[in-house]
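I opened this model to look up how some of its helices and strands are arranged. My notes follow the display.

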Amino acid sequence: MLRSLLPEDWVFVWMDGEFDVPAQKSLSDIYPGPYRSHLRDLTTAGVASTLEKIEAFIDSEGPFDGIMGLCEGAMLCASLLVKYQEKNSAELSPFRFAIFMSGWLPFSWTAELGYDVTNVLTSDNPINADAEAWRTAEPSAGLQRAAMDHIASHALFELNPEIWQKWTSTIDMAVKEGNEHLRPRCFHPDLYNSKIELATVHLWSERDLFCGHAKEVFRLCEPELALLYTHDDGHDVPQSWEDNKIISDLIRKAVLKIYNLAFGSMALRWRQLTGAALAGHLVLLALHDGKSRFMSGHHFAATVLLYIIGSFCWAAFIYPHFISPLRRLPQPKQSHWLLGHRSWTHPTDMGIDGVKWVNEIPHHHFIRFLDYFNRDSLLVTSAEAIGEILTEKDDLFPRSVQSRYIFGRYVGHGIAVAEGDEHKAQRRALSHAFSARHVRDLYPLFWDKSAEAVRAVTEKATKSPSSWTTIECHSWAVRCALDTMGTVGMGVELGTIQDENHPLVQAYEDLKQFSWQDAAMILLGTVLPERSVASLPLRRNRVIDSSLAQIRAVCRDAIRRNQNSPSRQERKHVNICSAIIDSGHFDEADAVDQLMVMLFASHHAPARSLTGALYALSCAPEKQKRLRDEVRRRLPSIDDAARVTHADIESMPYLQAVCKEVLRKYSTGVASREAACDVTIQGSVIPKGTAVKLAVMSANADPVLWGDDANEFRPDRWLTDDRSGSEAADNQSSPAALGGATSKHAYMPFLHGPRNCIAARFAEAELACFLATWVGRFEFTLADQRLMDERNLPARALETKLEVCAKVIHGW
């Protein structure tokens, strides 16, 4: 089928295997044989012999433009390309492109190159593709043939006796005394410094036992030239017409990349060529004088201006509207050259736009929209696409330049902007402070700090001449969350609950006073270095610098206090600050950046969540009363000395349901990613460089994912019919556990995958304790009754200012 979808003048030449092998179980009923393989074994000698025969075949039957292989064939293709690069250099490779289908990592033809994997081939997971596992296990000398017996039942060998034959033959030869030079060796992208510098197409299935190897083969290739497609047909060539059509298009695209590489020996891009032309013009200008120089100067200026105008017209008008391969996806109507499809009323918050789009535009996996300057962008809308991007192909979607600028500039250069191995290392260093066991120990501290804030509000309420007291609940939530973070996260008492004018509170208040200058700097931050944007003579830059200096000073002081505090064994509990120090991974400057990230996240999100909860419960008095009744029935008063534990809080089904619904409905944030290469997600090819947005607000409000009541505040969606909560606890895939959503990936407050929120448990525990104390003590109603209609709620009210009326309910 694939051949029929490619041009008729393409000629395929097949090379038959040499060695008779047993049939795969999946093939024995389809094809009677004979069954042959190119490889006798995986030793360096066996690989070298096979590669020599392939080279001889190429010399006699070639030349060829491309090479293609499946499974073992793909491994040999990769091995041959590595050999050419090692021995002849990439320029002398006989191929221009390669297609790898469910391939293994390439094996070496010599004992001088590659990593010895004898120990890996005889481990419990003989197809492990993790470089760290390869590093930590030393090859064992004198390994006996019996070492293979314990893996004979591995699924790989059960399905494919041919591979078992190669495995055992390889080990039999490699472990004999004097045969060290025959040990099998592999090229892994983390253990090998070069890349395969050809246009490549990679196909694999997540259901394939070899998908780990196939992913590493992809990483072994030059990312600028690599194209990827995943399918559902296991360790096989995809069978459906739709899959083959996508694959044929990718192969055509790979062939087109050949011409980009072959366009001159320097392989310059058009921008480089234009720059060279302009530089040449300047040289000619310098060689002239007088009137000639004057005229040439005008010509040069006109050329530069024409280049700028032409580039802008191409990027903002021609490409997005007439050329982009994404232009046929569902999208909003009418775009503007500056803001694209984004709204003029809230240009920096695309989550609000996303909520509107998912409720108005029929969609499946994506909604295509134009971002600033009409840049191609995708809003991810289906649970399947969200899961594939965040979990299966997370490494192919790094954070965008824009998101790294925003977090780095306003929050700190910590884990929020780290990528790749550095992100993994930072996450490991911080993980102990956010482990489930540690968070369970923090519940009493969360409760005590929240109780302190509630008592402070109670004192204010008792001084009011009326039974109802108007409070600005977001301000109180911020102060409560900051004070809590000081105690449980930094090991210091900040005192923000008692001091509404605390310098730290004021610093964050100044930071969130967003203006048009912020929007302008964010735009500039996508094309200019952060330091250049931060140096612009703008009033907003001065305010930001002053606020960040105050926050940085608080964090630096906390780091130094913890460095001088008792040892880890003598501390009452491990806080975030001490975890940063004890990891040994950060110097003081980096440690301060990490703590700045944590301090921002630990007050901004909880304050918004608590404000959102009080708003929702003020709009629904019956739900508020139901929650208050459960709190008073199950928990001691905040004025008692009784200790509240995680077991007490987690055993309250309605409290847990309200917290989940608050996080679903009122969480914000956008994960901005960028496709690192051409990649296929749910059948759609996403070109390299495309901005991919995962908006928490739009995903959590999408009727396709949550049903027609997606925009309603309905805690009961998280409960079973009998309101016991037992079903959700016992079955994490039950409708109640998912809130009635179609998939766990529909619930997006903390994202998913290896870069999900490290503090998710911390945030859930903190919100539950905060909400229980506030609702247990007060009855709330909105100060402005017009806000009962959520359409009248200002866009950023839940994270800036919301006034509610509170009344003390005695008896608790």
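These entries cover one helix pair, one strand pair and one sheet.

I note first that this is a predicted model, in which local features need pLDDT of at least 70 and side-chain atom pairs count only at pLDDT 80 or more, while totals for chains, interfaces and linings use all residues. Residues are numbered from 1 along each chain as its sequence is written, and side-chain values use heavy atoms, without hydrogens and water.

Entry 1, helix pair. I looked up helix 21 (residues 539–563) and helix 22 (residues 576–583), which pack at about 65° with their axes 9 Å apart; helices here are DSSP runs of H or I with at least four residues, and strands are E runs of at least two. Axes are lines fitted to C-alpha atoms, for helices over the stretch in contact, and angles run from 0 to 180 degrees between N-to-C directions. Helix 21 contributes A558, I559, N562 and Q563 to the contact, and helix 22 contributes C577, S578 and I581, where contact means heavy atoms within 4.5 Å.

Entry 2, strand pair. In strand 3 (residues 66–70), I found I67 and G69 on one face and buried, whereas G66, M68 and L70 point to the other face and are not buried (buried means under 20% relative accessible area, with a 1.4 Å probe and protein chains only). Strand 3 pairs with strand 4 (residues 97–101) in the parallel sense over five bridges, pairing being at least two DSSP bridges, and M68 stands opposite I99.

Entry 3, sheet. I traced an open antiparallel sheet of three strands in the order 11-17-16, with strand 11 (469–472) and strand 16 (778–782) at its edges.

How values were computed. Buried means under 20% relative accessible area, exposed over 50%, partly exposed in between (1.4 Å probe, protein chains only).
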